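Colleague: Before I use this model for anything, I'd like to poke at the labels people put on it. Can you take me through them?

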Amino acid sequence: MKKLATFAGGCFWCMVKPFTAYDGVEKVVSGYIGGDTINPTYKEVSSGTTGHFEAIEIHFDDEKISYEELLNIYWKQVNPYDSQGQFADRGPQYKTAIFYNDEEQKNIALESKKKLEESRNFKEKIETEILEAGTFYPAEEYHQDYYKKNSTHYNNYYKNSGRYNFLKSNWDRRNVNRNELMAKLTNIQFEVTQNDMTEVPFENEYYDHFEKGIYVDIVDGTPLFSSSDKYDSQCGWPAFYRPIKDTAVYNRTDYSFGMLRTEVRSVNANSHLGHVFDDAPEEKGGNRYCINSASLKFIPYDKMEEEGYEEFKSFIK
């Protein structure tokens, strides 16, 4: 069924791209919501006097991607503890908010916020409001898909506004008990998943491994990739055409080491997995998910039922 999700997360330029890679997301529109002014302009909203938030409206098919999955992605794009705006953008028009379009969305959003509050191992109040959606006004055309139209400015803004550094230093570090993980994981598994290290090519466990089965997150066991999508890219790391479900991972722009790449992280455990490149065969989708072996655990096909992964057998051809 076609549905809408409406999220405010500061500058809407930075909120569109994270949702565009998912099957089931049909369109992401930048716009304004929450105020009384009819058909507000960017200049009016940016003054902070209209009551509107900068927001995005996601058109999605809930048979392919759920509202809860969209919320899981949303939280990892924002600082939900800031009551005055987001990063370099200050003022009420840049605050975070989830605008629900029906009672079901309201209940899911409240539960999602509650889970986030309970899961974090530090005490900060979540300032993200959950509000009833009113009229959503699309922003001017030059704001739509800004990350495509003005990619250089978008990348500079995303990085220099403080968003990138906050997400790296807070979401990727503070939602886990690092001492527990250090006891559970090997040194290389910990360094890769928690400190974004890259293992040595051609000297890792799964780069030339093609047994039938699935690859799960080494941290929490969430299924991430199928052997049916694994191929020999000769890059020295495991390579996949796609994740087992696209909502199992999320992408984020990565500026480390003076490069511009797209990082791949797991949605549930927020583990660093590797990077995605657009150099795979077009007939296979064009994407090469270059993943560290140390972020994965392989479950053989004949052990999947025993390990609790029977429902994922259908993803293996």
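Modeller: Sure, here is a run through the labels and the values behind them, bearing in mind that this is a predicted model.

Colleague: Start with Cys-11. What makes it an "active site" in the record?

Modeller: That label is from UniProt, where an unreviewed entry places the feature "active site" at Cys-11. Such annotations may be inferred rather than shown by experiment. In the model, Cys-11 lies in the loop between β1 (2–9) and α1.

Colleague: And is Cys-11 buried or exposed?

Modeller: The cut-off for buried is under 20% relative accessible area. Cys-11 comes in at 5%, so Cys-11 counts as buried. Leaving aside neighbours within four places in sequence, Cys-11 is in contact with Glu-54, Asp-89, Tyr-94, Tyr-157 and Arg-163.

Colleague: Tyr-157 sits in helix α6. How do you know which face of α6 is the buried one?

Modeller: In α6 (residues 151–160), the buried residues are Tyr-154, Asn-155, Tyr-157 and Tyr-158. Looking down the helix axis, these fall within an arc of 165°, so they line one face of the helix. On the other side, Thr-152 and Asn-160 are exposed.

Colleague: What do the buried residues of α6 pack against?

Modeller: Their partners are α1 (13–16), β5 (89–90), α5 (146–149), α7 (163–171) and β13 (249–254). Just after α6, Gly-162 takes a positive phi of about 105°.

Colleague: Which residues other than glycine have a positive phi?

Modeller: Phe-87 is one of them, with a phi of about 60°. Phe-202 also has a positive phi, near 65°. The reason to flag such values is that most residues other than glycine have a negative phi.

Colleague: Are Phe-87 and Phe-202 buried or exposed?

Modeller: Phe-87, in the loop between β4 (85–86) and β5, has 15% relative accessibility, so Phe-87 counts as buried. Phe-202 lies in the loop between α9 (187–195) and β9 (213–217). The relative accessible area of Phe-202 is 45%, and since partly exposed covers the range between the 20% and 50% cut-offs, the label is partly exposed.

Colleague: What makes Ala-5 buried?

Modeller: Ala-5 has 0% relative accessibility, so Ala-5 counts as buried. Ala-5 is found in strand β1 and touches Ile-56, Glu-57, Ile-58, Phe-60, Tyr-67, Leu-70 and Asn-101, not counting residues up to four places away in sequence.

Colleague: Ile-56, Ile-58 and Leu-70 are also core names, I think. Why is something called a nonpolar core?

Modeller: The term is used because the residues are buried, belong to a set of nonpolar types, and are joined through side-chain atoms within 4.5 Å. The largest such core has 46 residues, of which Phe-7, Phe-19, Ile-56, Ile-58, Leu-70 and Ile-98 touch the most other members. Helix α3 (residues 67–75) gives the most to this core, with six residues. At least three residues come from each of domain 1 (2–171) and domain 2 (178–315). There is also a second, separate core of 14 residues, including Leu-224, Leu-273, Ile-291 and Phe-298.

Colleague: How do you know that domain 1 and domain 2 touch?

Modeller: Contact means heavy atoms within 4.5 Å, and here the contact takes 16 residues from domain 1 and 17 residues from domain 2. Between them, the two domains bury about 1,500 Å², 48% of it on carbon and sulfur atoms. Their C-alpha centres lie 28 Å apart.

Colleague: What does UniProt say about residues 178–301?

Modeller: An unreviewed entry carries the annotation "domain: MsrB" for that range. In the model, the span is 13% helix and 32% strand, and its end C-alpha atoms lie 31 Å apart.

Colleague: Last ones, Arg-288 and Ser-293. What makes them buried?

Modeller: Arg-288, in strand β16, has 11% relative accessibility, so Arg-288 counts as buried. The contacts of Arg-288 include Tyr-231, Cys-235, Phe-240 and His-275. Ser-293 is in the loop between β16 (288–291) and β17 (296–300). At 2% relative accessibility, Ser-293 counts as buried too. Not counting residues up to four places away in sequence, Ser-293 touches Glu-199, Asn-204, Glu-205, Tyr-206, Tyr-207 and Pro-238.

Note on methods:
Residues numbered from 1 in each chain as written. Predicted model: local features only at pLDDT ≥ 70, side-chain atom pairs only at ≥ 80, totals over all residues. Heavy atoms only, no water. Helix = DSSP H or I, 4+ residues; strand = E, 2+ residues; numbered from the N terminus. Buried < 20%, exposed > 50% of the residue type's maximum accessible area, 1.4 Å probe, protein only. Arc of directions from axis to C-beta. Domains from an automatic or database assignment. Buried area = accessible area lost by both parts, 1.4 Å probe.
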